[in-house]
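User: I have a few things to ask about this model. Can we go through them one at a time?
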Amino acid sequence: MAGQGRTLRADAARNYERIVDAAVVAFEEAGPAVTLGEIARRADVSVATVYRRFRARDQLVRAVFDHVLSTEVEPALGVGTGDPWRDLVGALEGTVAVLARRQVVLSLARESKAFDVDSVRQCLRTLEHLLRRAIDAGAVRPELEVRDLAAVLVMALATVHPGDPRCADPRRYLALLADGLRPS
């Protein structure tokens, strides 16, 4: 009997991953109005399985946003060159690039309140570490706080729009904002 419980948990974990992976793609390809039935079809599970795992659409959106953060944003934050300034700006650029590509997921996360401190806590810890290194190296203003970096990201992401598929605007504005992080 004990082995059977582990199998069910493993099956449930696989279904969870399949649903979340399918939802990321479905939201981006089909838009925010994609049905849970379509997500279930793409994940090759029943709609009942989706509802059993995610009792509300907002729970699925939160799981999708958390998935994007952990599998796409966090790896972009960890790329290091050894240069504190370059590492900090590279992390900001990587974050903007990922979230700009995931416009629908980002929009859904904002609407469903999935975009909160709990969801971004690990990313903020990494940014805090990069910021401390840059401050210690004298590469950025000493009064900066991690919330300032979060504001820079929000401002750069505010320039994302469908008419700019290569995301030139967010990159341009992030470069302008990053210049303001330098010591005067």
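User: Is Cys167 buried or exposed?
Analyst: Cys167 is buried, with a relative accessible area of 10%. Keep in mind that this is a predicted model.

User: Where does Cys167 lie?
Analyst: Cys167 lies in the loop that runs between helix 8 and helix 9. Its phi is near 55°, a positive value in a residue other than glycine.

User: How many disulfides does the structure hold?
Analyst: Zero.

User: Why is Cys167 not in one?
Analyst: Because the closest cysteine sulfur, in Cys123, is 18 Å from the sulfur of Cys167, too far for a bond. The cut-off for a disulfide is a pair of cysteine sulfur atoms within 2.5 Å.

User: And Cys123, buried or exposed?
Analyst: Cys123 counts as buried, at 7% relative accessibility. For the sulfur of Cys123, the closest cysteine sulfur is the one in Cys167.

User: Back to the helices on either side of that loop. How do the axes of helix 8 and helix 9 cross?
Analyst: Helix 8 covers residues 146-157 and helix 9 covers residues 168-179; their axes come within 8 Å and cross at roughly 145°. The crossing is right-handed.

User: Which residues meet there?
Analyst: From helix 8, Val152, Met155 and Ala156. On the helix 9 side they meet Pro170, Leu174 and Leu177.

User: What is that contact made of, by class?
Analyst: The contact of helix 8 with helix 9 has six nonpolar residues, with no polar and no charged ones.

User: Different topic. Where is Asp44?
Analyst: Asp44 is in the loop between helix 2 (36-43) and helix 3.

User: What is its phi?
Analyst: Asp44 has a positive phi of about 60°, although Asp44 is not a glycine.

User: Buried or exposed?
Analyst: Asp44 counts as exposed, at 62% relative accessibility.

User: Now Thr49. Which helix is that in?
Analyst: Thr49 lies in helix 3, residues 47-53.

User: Why does Thr49 count as buried?
Analyst: Because its relative accessibility is 14%, and buried means under 20%.

User: What does the Thr49 side chain join up with?
Analyst: The side chains of Thr49 and Arg52 are joined by a polar contact of 3.1 Å.

User: And what does Thr49 touch, leaving out residues up to four places away in sequence?
Analyst: With those left out, Thr49 touches Asn15 and Ile19.

Conventions: Residues are numbered from 1 along each chain as its sequence is written. This is a predicted model: local features need pLDDT of at least 70, side-chain atom pairs count only at pLDDT 80 or more; totals for chains, interfaces and linings use all residues. Side-chain values use heavy atoms; hydrogens and water are left out. Buried means under 20% relative accessible area, exposed over 50%, partly exposed in between (1.4 Å probe, protein chains only). Axes are lines fitted to C-alpha atoms, for helices over the stretch in contact, and angles run from 0 to 180 degrees between N-to-C directions. Helices (H or I, at least four residues) and strands (E, at least two) are DSSP runs, numbered from the N terminus. A crossing is left-handed if the near helix is turned anticlockwise from the far one by less than a right angle, and right-handed if clockwise. Contact means heavy atoms within 4.5 Å. Ala, Val, Leu, Ile, Met, Phe, Trp, Tyr, Cys and Pro count as nonpolar, Asp, Glu, Lys and Arg as charged, and the others, Gly among them, as polar. A polar contact is a pair of N or O atoms within 3.5 Å; within protein, one must be able to donate a hydrogen and the other to accept it, and residues adjacent in sequence count only if both atoms are side-chain atoms.
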